[in-house]
Amino acid sequence: MVVLKNAMRYFLAFAVLLCASQTALAAIEQADPSQLVYDYAELLTEEERTALAEECVQFGADTGLTAAVVTIDDTGGLSAREYADGFYDGNGFPDDGLLMLIDMDSRTVWVSTCGTAEAEISEGEIEQILDEVFFWLPDGEYAAAGSAFLSAAREAYAPEKTPAPESPEPVSPEEPVPAPLQPSPPQEKGSALGEGLPGMLGFSAVFGLAAGGITLFIMLALHGRSARTTVGRRDYLAGDGLRLTRREDDFLRSYTSRVKILQNDSPPRGGGGVRSGGVRSGGFSGGGRSHGGGGRSF
């Protein structure tokens with residue numbers, strides 16, 4: 001009898017939890033996963049939704065991840081994290097991707113990562129993504145905030161893993177083949193040397209005579225002009241004599257300043273605490289998949 005009562009209690013508890021989870025999932029909008037931009041809060045114009053969806057498609061082509069942007073004004077009592085994770089799982093998005101939720105009900109932005117995006121994008125990079133989003137969000141620039149989310153996520157997700165398209169090697173035009181050198185007509189051996197030798201000898205003789213004459217003239221001009229220079233100790237003395245100056249620095253006193261260093265008694269922050277205005281998450285959603293990410297209030 002006791003075993004039957006315990007079994008009934010466990011069954012009722014399980015039924016309550018199942019109903020609660022189904023109620024929570026019922027509050028999440030059902031959508032086409034290929035749409036990628038879901039503006040339920042009507043924060044974007046039609047042109048902005050189209051342009052942002054094209055950016056999401058390009059993001060997927062560049063990284064291999066699925067990216068989605070969702071705006072909502074009523075989460076049905078769910079937190080921004082629960083709604084973002086549930087929206088991603090409940091609408092059948094691929095295992096590898098990320099989603100940004102703008103929750104106008106609680107005025108919170110949440111970035112949810114899944115699969116490879118969760119593994120590759122760290123908490124610090126989530127903070128950087130939120131920094132870029134919050135550059136535009138407080139001013140109501142929601143479309144620009146969505147573009148900033150995609151750009152920052154692309155930069156954070158291991159860009160070296162994205163294969164760059166191979167560019168074909170440039171084909172150089174055919175180089176012209178140089179014409180063969182034509183041999184010069186043969187000359188008689190010794191003809192050129194014989195013609196220039198007399199001129200070279202004459203020039204050398206004239207140059208030698210001119211150089212010798214100039215040298216002789218300089219020696220004769222300077223002969224007898226050299227004077228004996230006497231250097232004495234007075235030549236190194238100034239006219240006013242030698243002066244010595246004495247200076248002294250007297251040490252009077254010293255000062256010592258002391259400043260008390262205050263200890264930080266707050267406990268270390270982990271992955272689930274508040275950090276720079278953002279919150280961290282890591283766990284499983286109602287859909288059974290692991291999610292990471294973080295968010296901030298605005």
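Three exercises with solutions follow, on a predicted model.

**Exercise 1.** Find which residues form salt bridges with R289, and state where the partners lie.

Solution.
- Step 1. D89 pairs with R289, with 2.9 Å between the closest N and O atoms.
- Step 2. R289 lies in the loop between strand 6 (278-284) and strand 7, while D89 is in helix 3, so this pair ties together parts 200 residues apart in sequence.
- Step 3. D95 also forms a salt bridge with R289, its closest N and O atoms being 2.7 Å apart. D95 sits in the loop between helix 3 and strand 3, 194 residues from R289.
- Step 4. Buried means under 20% relative accessible area. R289 has 18% relative accessibility, and therefore counts as buried. D89 is buried as well.

**Exercise 2.** Determine how many residues of helix 3 (residues 80-90) are buried, and what the buried ones pack against.

Solution.
- Step 1. Of the 11 residues in helix 3, 8 are buried.
- Step 2. Among them are Y83, F87 and Y88.
- Step 3. The buried residues pack against strand 1 (37-39), strand 2 (66-72), strand 3, strand 4 and strand 7 (290-297).
- Step 4. Just after the helix, G92 has a positive phi of about 70 degrees.

**Exercise 3.** Explain why E46 and R49 are separated by about one helical turn, and place the pair in its network.

Solution.
- Step 1. Both belong to helix 2 (residues 46-63), and they are separated by about one turn because they are 3 residues apart.
- Step 2. An α-helix has 3.6 residues a turn, so residues three or four places apart point the same way.
- Step 3. The side chains of E46 and R49 form a salt bridge of 2.8 Å, N to O.
- Step 4. A network of salt bridges links D39, E46 and R49.

Methods: Residues are numbered from 1 along each chain as its sequence is written. This is a predicted model: local features need pLDDT of at least 70, side-chain atom pairs count only at pLDDT 80 or more; totals for chains, interfaces and linings use all residues. Side-chain values use heavy atoms; hydrogens and water are left out. Buried means under 20% relative accessible area, exposed over 50%, partly exposed in between (1.4 Å probe, protein chains only). Helices (H or I, at least four residues) and strands (E, at least two) are DSSP runs, numbered from the N terminus. Contact means heavy atoms within 4.5 Å. A salt bridge is a side-chain nitrogen of Lys or Arg within 4 Å of a carboxyl oxygen of Asp or Glu.
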